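Visitor: Please take a close look at the side-chain pairs here, beginning with the charged ones. I would like the cut-offs stated as you go.

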Amino acid sequence: MTIQIKKKKIVVVGVGSVGSTTAYTLLLRQRMTELVLIDYNKDKAYGDALDMNHGLPFVGQTNVYAGDYSDCVDADIIIIAAGAAQKPGETRIDLLKKNVEIFDGIISSITKYNKTGIILVATNPVDILSYYSWKKSGFPVNRVIGSGTLLDSARLRYLISEKINVDPRSVHAHIVGEHGDSETPIWSLANYAGVTLSLTDEQKEEIVEETRRAAYKIIDAKGATYYAIALALDRIVTAILRNESSILTVSTLVKDYHGISDVYIGVPSIVDASGVREVVQVPMTEQEEELFRSSAYKLQEEIEKAKI
Ligand code: NAD
């Protein structure tokens, strides 16, 4: 009797802090049967693959190896975490020019071999690079996803949970907009068990500021952020591989969303095996809508300046 194993292949392009932590998280959680690591720095990809292979007796069988772009051929998901990262004091937008140049080569190399997979972008500025990847790849919109404000929403939920002493998984709150300084919390919808949060305006402001400053604070302390983003990427991967129809605040192309079109931006979206199946039209107060729009205008301005 031949045993049929359902193959799932994931490629991670760029195995620096974010890419290697994500690969390791996916391995620990046994998300795939084949895991390919690609990096401009071939030694790093080779070393990471070797290191992870030595852990297989403790986690279970997975084919982990350092590869090249031809290995993207039958990949279900290609995660891109390659490129420059923020240095202390730099904003995410500061990375745009450098990373667009890097993405130009990466997207051409991926699409030379893969026409059917899902591209999941983590590199910053993630909204603009997801938009660029969509345009450059020629893939349908649903199959190019940015990690968007999923991490920011997780940070918000964690900080709320600390204030109200409830498990962060039971706190429902979304940050929409740019994954960056102009991101916007939708306080009017935040709740636990359907109960509206009874936080003061001051407490909310403190939480938002802490959420916005989170990456800067971590980068100042240890040079990079990688654990929480790895878990966020794992969450998106799982929603895709298990066809979950989960609602995640990923970056996707919006069309007349609170008056905004033709920009990739973080919004609650239904994620399943097809990628982003649907954008969820969440209600916003006038003030939230205004902040969301100005976040979108900021991204559009940068897209125009960069001539994408
Ligand atoms: P890093 O410098 O540790 O890693 C980047 C890796 O990319 C390096 O290994 C480098 O060799 C590789 N690389 C560079 N050019 C390449 C190319 N042309 N092809 C293949 N590989 C190439 O940086 P990091 O801390 O891992 O951050 C990676 C990116 O992720 C940054 O842009 C960072 O801002 C972003 N990030 C995003 C989020 C999010 O929420 N989306 C969170 C954290 C970090």
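Guide: Relative accessible area is sorted into three classes: buried means under 20%, exposed means over 50%, and partly exposed is in between, with a 1.4 Å probe and protein chains only. The model is predicted, so local features need pLDDT of at least 70 and side-chain atom pairs count only at pLDDT 80 or more, while totals for chains, interfaces and linings use all residues. Residues are numbered from 1 along each chain as its sequence is written, and side-chain values use heavy atoms, with hydrogens and water left out.

A salt bridge is taken as a side-chain nitrogen of Lys or Arg within 4 Å of a carboxyl oxygen of Asp or Glu. That rule gives 17 salt bridges. One of them joins glutamate 34 to lysine 9, at 3.7 Å from N to O. Glutamate 34 belongs to strand β2 (residues 34–38) and lysine 9 to strand β1 (residues 9–13), so this pair links distant parts of the chain, 25 residues apart. Strands (E, at least two residues) and helices (H or I, at least four) are DSSP runs, numbered from the N terminus. Glutamate 34 counts as buried because its relative accessibility is 10%, and lysine 9 counts as buried because its value is 5%.

Another salt bridge runs between aspartate 234 and arginine 29, whose closest N and O atoms are 2.8 Å apart. Aspartate 234 is in helix α8 (residues 227–241), and arginine 29 is in the loop between α1 (17–28) and β2, so the pair ties together parts that are 205 residues apart in sequence. Aspartate 234 is buried, with a relative accessible area of 1%; arginine 29, at 41%, is partly exposed.

A third example is glutamate 244 with arginine 242, where the closest N and O atoms are 4.0 Å apart. Glutamate 244 counts as partly exposed at 28% relative accessibility, and arginine 242 as exposed at 55%. Elsewhere, Lys7, Lys9, Glu34 and Asp74 are joined into one network by salt bridges that share partners.

Next, the domains. Their bounds come from an automatic or database domain assignment, which gives domain 1 (9–146) and domain 2 (150–305). The C-alpha centres of these two domains lie 22 Å apart. With contact meaning heavy atoms within 4.5 Å, 36 residues of domain 1 are in contact with 43 residues of domain 2. Buried area is the accessible area (1.4 Å probe) that two parts lose on being put together, summed over both. Between domain 1 and domain 2 this area is about 3,300 Å², and carbon and sulfur atoms give 67% of it. On the domain 1 side, Arg92, Asp127 and Tyr131 lose the most area to domain 2, together 21% of what that side buries. The count of salt bridges between domain 1 and domain 2 is two.

On to the rings. Rings of Phe, Tyr and Trp (its six-membered ring) pair if their centres lie within 6.5 Å; planes under 30 degrees apart count as stacked, over 60 as edge-to-face and the rest as tilted. Five aromatic pairs result from this rule. Among them is tyrosine 226 with tyrosine 227, an edge-to-face pair at 4.9 Å centre to centre and 65° between the planes. Tyrosine 227 counts as exposed because its relative accessibility is 55%. In the pair of tyrosine 257 and phenylalanine 292, the ring centres are 5.6 Å apart and the planes at 65°, so this pair is edge-to-face. Tyrosine 257 sits in the loop between β12 (246–254) and β13 (263–272), and phenylalanine 292 in helix α9 (residues 286–305), so the pair ties together parts 35 residues apart in sequence. Tyrosine 257 and phenylalanine 292 are both buried. One aromatic cluster is formed by Tyr131, Trp134 and Tyr264.

Charges also meet rings. A charge sits over a ring if NZ of Lys or CZ of Arg is within 6 Å of the ring centre and within 35 degrees of the ring normal. Lysine 222 lies over the face of tyrosine 226, 3.9 Å from the ring centre. The charged end of arginine 143 sits over the ring of phenylalanine 139, at 4.7 Å from its centre.

Threonine 116, in the loop between α4 (96–113) and β5 (118–121), is in contact with Phe139 and Arg143 when its neighbours within four places in sequence are left aside. Threonine 116 and arginine 143 are 27 residues apart in sequence and 8.3 Å apart in space, C-alpha to C-alpha. At 62% relative accessibility, threonine 116 counts as exposed.
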